[in-house]
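Please open the model in the viewer and keep the sequence panel visible. The tour proceeds by selections, each followed by a short description.

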Amino acid sequence: MNKPLILAMEDDAPIRNLIVTTLKTNDYRYRTATNGGQAILEASTHSPDTVLLDLGLPDMDGIEVIRNIRSWSNMLIIVISARNEDQDKIEALDAGADDYLTKPFSVEELLARIRTTQRRLSFMSSEMLTAGSVFENGKLRVDYASGCATLDGQELHLTPIEFKLLCLLSKNVGKVLTHTFITQNIWGQSWDSNMASLRVFMATLRKKLEPTPDSPQYIQTHIGVGYRMVRVE
Ligand code: CA
């Protein structure tokens, strides 16, 4: 089977070379772009599986590139940003990016991110094939249609909000969801009071879902950004 095709958009030559060397060494097929316009053109011409997108571009805002690609494709987008501010990551994730890497990053981290997002892609396609309304991850089973969730065969007694939260996270397994995205989907708005409620509901959901709530297995916290449900082997 062909290794995924990766489009690396990075205007900084040394970093682009590092990414290309890493992809080559690991037998990924790849294309490169050095500005936003070229990235959009390459993405539409070659339909890569994953785009590695630097947010600081010479010709346009990286967020605009994400919005453009998202308007016509579900391809995976991993944002690479030198900017440490959470706000940039949050904006990129809300615009449709799947994950993010902060510069400087290690080669191992880059490869891990590519693998994680690819798993999300294969999950999405297997879900489409079965077209079922049941989600399974490790010992967790969510039956969307009947509104019931079980862990290791035991029913989880969830409140309606907790169940909604679990559905949102599981339907986006592998993807980092921002606080704003979650509160908008659960409550329809994103107010500060909802942010506080989200923390409370997340804590009660974890108490029921995670065997050891202090070291969660299913739901990762991204401090200052949001939450992600991870694939459990
Ligand atoms: Ca740059």
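A residue is termed buried when its relative accessible area is under 20%, exposed when over 50%, and partly exposed in between. The model shown here is predicted.

Begin by selecting Asp-54: its relative accessibility is 3%, under the 20% limit, and therefore Asp-54 counts as buried. Next, add Gly-56, whose relative accessible area of 39% makes this residue partly exposed.

Now display the calcium ion together with Asp-11, Asp-54 and Gly-56, which coordinate the ion at 2.1 to 2.4 Å. The two aspartates contribute OD atoms, whereas Gly-56 contributes its O atom. Along the sequence, these donor residues follow the spacing D-x42-D-x1-G.

From the ion, return to Asp-54 and select strand β3, residues 50–54. Strand β4, residues 76–81, runs parallel to β3 and is joined to it by five bridges. Which residue of β4 is the bridge partner of Asp-54? Selecting Ile-80 shows that partner.

Extend the selection to the whole sheet. Its five strands are arranged in the order β2-β1-β3-β4-β5, forming an open sheet with parallel pairing. At the edges are β2 (29–33) and β5 (99–102), each of which pairs on one side only. On average, neighbouring strands of this sheet are turned by 20 degrees against each other, direction ignored.

Finally, select helix α1, residues 13–25. This helix lies across β1 (5–9), β2, β3 and β4. Relative to β2, helix α1 runs at about 170 degrees.

Technical notes:
Residues numbered from 1 in each chain as written. Predicted model: local features only at pLDDT ≥ 70, side-chain atom pairs only at ≥ 80, totals over all residues. Heavy atoms only, no water. Pairing = 2+ DSSP bridges. Helix = DSSP H or I, 4+ residues; strand = E, 2+ residues; numbered from the N terminus. Axes fitted to C-alpha atoms, helices over the stretch in contact; angles between N-to-C directions. Contact = heavy atoms within 4.5 Å. Donors = N, O, S within 2.8 Å, 3.2 Å for Na, K, Ca; no water. Buried < 20%, exposed > 50% of the residue type's maximum accessible area, 1.4 Å probe, protein only.
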